[in-house]
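Open the model in your viewer, switch to a cartoon view, and keep the selection box handy. We will go through some helix pairs and then look at a pocket.

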Amino acid sequence: MGLVRNIRSGRIQKLLCLATALSAPPLGFEVWLEHTKGSWGDKWMWTPIVLTPPLTVAGLAGLRSERAARTWLPLFGALYALDGLIGVVTHVQGVRKRPGGFSEASYNLVMGPPLLAPGSLAMVGGMGVVAAIARRER
């Protein structure tokens, strides 16, 4: 009942901190696997890997400290979200640059970079940003 009451009253800061901290590592691992398939052909492929550990630490710190939830977590969450948005753009460019581009969509959308996968970084980073404005559980 306490969880439901906190959610209904908007007191979800710790929940968002925990969700961010637990979501970033498996997402970072998946990015690492997929970018390994892509042979790390672009230096920007490293940015989600570099940003995952500090976002995870900031989420865990925000779970223990309201100050961390209002300072470090939104900082790294915003960087992670921005990286995800940039990733969507670079993935669209990656499909466009393949032979045939979007005119061969049935092949290039399957075999090229996943268009919307970087959006998951934006979502996880966004949870960290929202944690900063959410009220803390009692």
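Start by selecting α2 and α7 in this predicted model. Their axes lie 9 Å apart, and the two helices pack at an angle of about 160°. Angles over 145 degrees count as roughly antiparallel, and that makes α2 roughly antiparallel to α7. The crossing of α2 past α7 is left-handed.

Now show side chains at this contact. On α2, pick Gln-13, Leu-16, Cys-17, Ala-19, Thr-20, Ser-23, Ala-24, Leu-27 and Val-31. On α7, their partners in the contact are Ser-120, Leu-121, Val-124, Met-127, Gly-128, Val-130, Ala-131 and Ala-132. Colour by class and you should find 12 nonpolar residues, five polar and no charged.

Keep α2 on screen and add α5. Here the axes come within 13 Å and cross at roughly 35°, again with a left-handed crossing. Select Cys-17, Thr-20, Ala-24, Leu-27, Gly-28 and His-35 on α2, then Leu-73, Tyr-80 and His-91 on α5, to see who makes the contact. By class, five of these residues are nonpolar, four are polar and none is charged.

Next, hide α2 and bring in α3 beside α5. The axes of this pair come within 9 Å and cross at roughly 155°; α3 and α5 are therefore roughly antiparallel to each other. Their crossing is left-handed. From α3, the contact takes in Thr-47, Pro-48, Leu-51, Thr-52, Pro-54, Leu-55, Ala-58 and Gly-59. From α5, select Trp-72, Leu-73, Phe-76, Gly-77, Leu-79, Tyr-80 and Asp-83. This contact has 10 nonpolar residues, four polar and one charged.

Last stop: the largest pocket. Which residues lie nearest its centre? Select His-35, Met-45, Thr-90, His-91 and Pro-113, and you have them. They belong to a lining of 28 residues, and the space in the pocket is about 680 Å³.

To see where the lining comes from, colour α2 (13-37), α3 (47-64), α5 (72-97) and α7 (119-133), each of which supplies at least two of its residues. The largest share, nine residues, comes from α5. If you are thinking about chemistry, recolour the lining by class: 11 residues are nonpolar, 11 are polar and six are charged.

Key. Residues numbered from 1 in each chain as written. Predicted model: local features only at pLDDT ≥ 70, side-chain atom pairs only at ≥ 80, totals over all residues. Heavy atoms only, no water. 1 Å grid on protein atoms, 1.4 Å probe; cavity = no way out; pocket = protein on both sides within 12 Å on 5 of 7 lines; lining within 4 Å. Points joined across faces, edges and corners; volume = space filled by probe spheres on them. Helix = DSSP H or I, 4+ residues; strand = E, 2+ residues; numbered from the N terminus. Nonpolar A, V, L, I, M, F, W, Y, C, P; charged D, E, K, R; others polar. Axes fitted to C-alpha atoms, helices over the stretch in contact; angles between N-to-C directions. Parallel < 35°, antiparallel > 145°, perpendicular 65-115°, else oblique. Left-handed = near helix turned anticlockwise from the far one by under 90°. Contact = heavy atoms within 4.5 Å.
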